[in-house]
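Reader: Hi! I'm in my first year and still learning to read these models. Could you pick one buried spot, take me through it slowly, and then show me what sits around it?
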Amino acid sequence: MPKFERHVFVCGNERLEGAARPSCRPRGGRQLKDALKDAVKAAGLKNTVRANEAGCLDQCEHGPVMLVYPEAVWYGFVKLEDVQEIVHEHLVHGRTVERLRLAESCLNTPSCPHRP
């Protein structure tokens, strides 16, 4: 089997009710991972793209989030209807879906406008 060209991580973290920060799983993280796996397979990418559910990716206010490596592209506020576009544009054609890409200024910073 050839090595994977890309890895896509979908946050599946779930915090307790009333936690200080939101979590991705209750906002659709699990369904996104399942839809992503199906779309990767349908696109004929099963042997070159690995779709994984991850624990917390620490982008809670942007969730649900996906992270594509090796490009290190962060997608935020992803919905089920976005999965096909991400697979077709990014994973098949190598084009980042800019409307879903998280701004660099929002990654790992306390000053992001999405954080309280």
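Author: One term before we start: two residues are in contact when they have heavy atoms within 4.5 Å of each other. Also keep in mind that you're looking at a predicted model.

Let's pick Asp82. You'll find Asp82 in the loop between strand E4 (73-75) and helix H2 (83-92). Is Asp82 buried or exposed? Asp82 has a relative accessible area of 5%, so it counts as buried, because the cut-off for that word is under 20%. Who does Asp82 touch, once we skip its neighbours within four places in sequence? The answer is Phe77, Arg99 and Leu100.

Now follow one of those contacts, Phe77. Like Asp82, Phe77 belongs to the loop between E4 and H2. Its backbone deserves a look: phi of Phe77 is near 55 degrees, which is a positive value in a residue that isn't glycine. Unlike Asp82, which is buried, Phe77 is partly exposed, because its relative accessibility is 35%.

Phe77 also takes us to another place in the chain, since His62 is in contact with it as well. His62 sits in the loop between E2 and strand E3 (66-69). Its relative accessible area is 0%, so His62 is buried. Without counting neighbours within four places in sequence, His62 has Gly76, Phe77, Leu102, Cys106, Cys112 and His114 as contacts. So Phe77 is a handy link in our tour, because it shares a contact, meaning heavy atoms within 4.5 Å, with Asp82 and with His62.

Pick up Cys106 from that list. At 5% relative accessibility, Cys106 is buried. Cys56, on the other hand, is partly exposed at 38%. With cysteines around, you might go hunting for a particular bond. A disulfide is a covalent bond between the sulfur atoms of two cysteines. How many disulfides does the structure hold? Zero.

Stay in the loop of His62 a little longer, as the backbone does some odd things there. Pro64 is in that loop between E2 and E3, and the peptide bond from Gly63 to Pro64 is cis, with omega near 0 degrees. Asp58 is in the loop between E2 and E3 too. Asp58 isn't a glycine, and yet its phi is positive, about 60 degrees. As for its surroundings, Asp58 comes out partly exposed, because its relative accessibility is 35%. Step over E3 and you meet another cis bond, joining Tyr69 and Pro70 with an omega of about 20 degrees. Pro70 itself lies in the loop between E3 and E4.

Back to Asp82, but this time walk the other way, into helix H2 (83-92). Here a residue of helix H1, Ala39, comes into the picture. Ala39 touches Val83, Gln84 and Val87, if you ignore residues up to four places away in sequence. How far apart are Ala39 and Val87? In sequence the gap is 48 residues, while in space their C-alpha atoms are 6.8 Å apart. Ala39 is buried as well, because its relative accessible area is 3%.

Helix H1 has one more thing to show you. Together with strand E2 (49-54), helix H1 (29-42) lends residues to the lining of the largest pocket, and each supplies at least two. Ten residues line that pocket, with Lys37, Val40, Lys46, Val49 and Arg50 nearest its centre. Sorted by class, the lining has five nonpolar, one polar and four charged residues. The space inside comes to about 170 Å³.

Finally, zoom out. The chain has two helices and four strands, and from the N terminus they run β-α-β-β-β-α. The radius of gyration is 14 Å, close to the 13 Å the globule rule gives for 116 residues, so the chain is as compact as a globular protein of that length. Asp82 has company in being buried: 42% of the 116 residues are. And among contacts with a separation of 6 or more, 63% are between residues 24 or more positions apart. The Ala39 and Val87 pair, 48 residues apart, is a nice one to find on your screen.

Note on methods. Residues are numbered from 1 along each chain as its sequence is written. This is a predicted model: local features need pLDDT of at least 70, side-chain atom pairs count only at pLDDT 80 or more; totals for chains, interfaces and linings use all residues. Side-chain values use heavy atoms; hydrogens and water are left out. A disulfide is a pair of cysteine sulfur atoms within 2.5 Å. Buried means under 20% relative accessible area, exposed over 50%, partly exposed in between (1.4 Å probe, protein chains only). On a 1 Å grid over the protein atoms alone, a cavity is a set of points where a 1.4 Å probe fits but cannot get out, and a pocket is an open set with protein on both sides within 12 Å along at least five of seven lines; lining residues have an atom within 4 Å of a point. Grid points are joined across faces, edges and corners, and a volume is the space filled by probe spheres set on the points. Ala, Val, Leu, Ile, Met, Phe, Trp, Tyr, Cys and Pro count as nonpolar, Asp, Glu, Lys and Arg as charged, and the others, Gly among them, as polar. The radius of gyration is taken over C-alpha atoms; the globule rule is 2.2 Å times the number of residues to the power 0.38.
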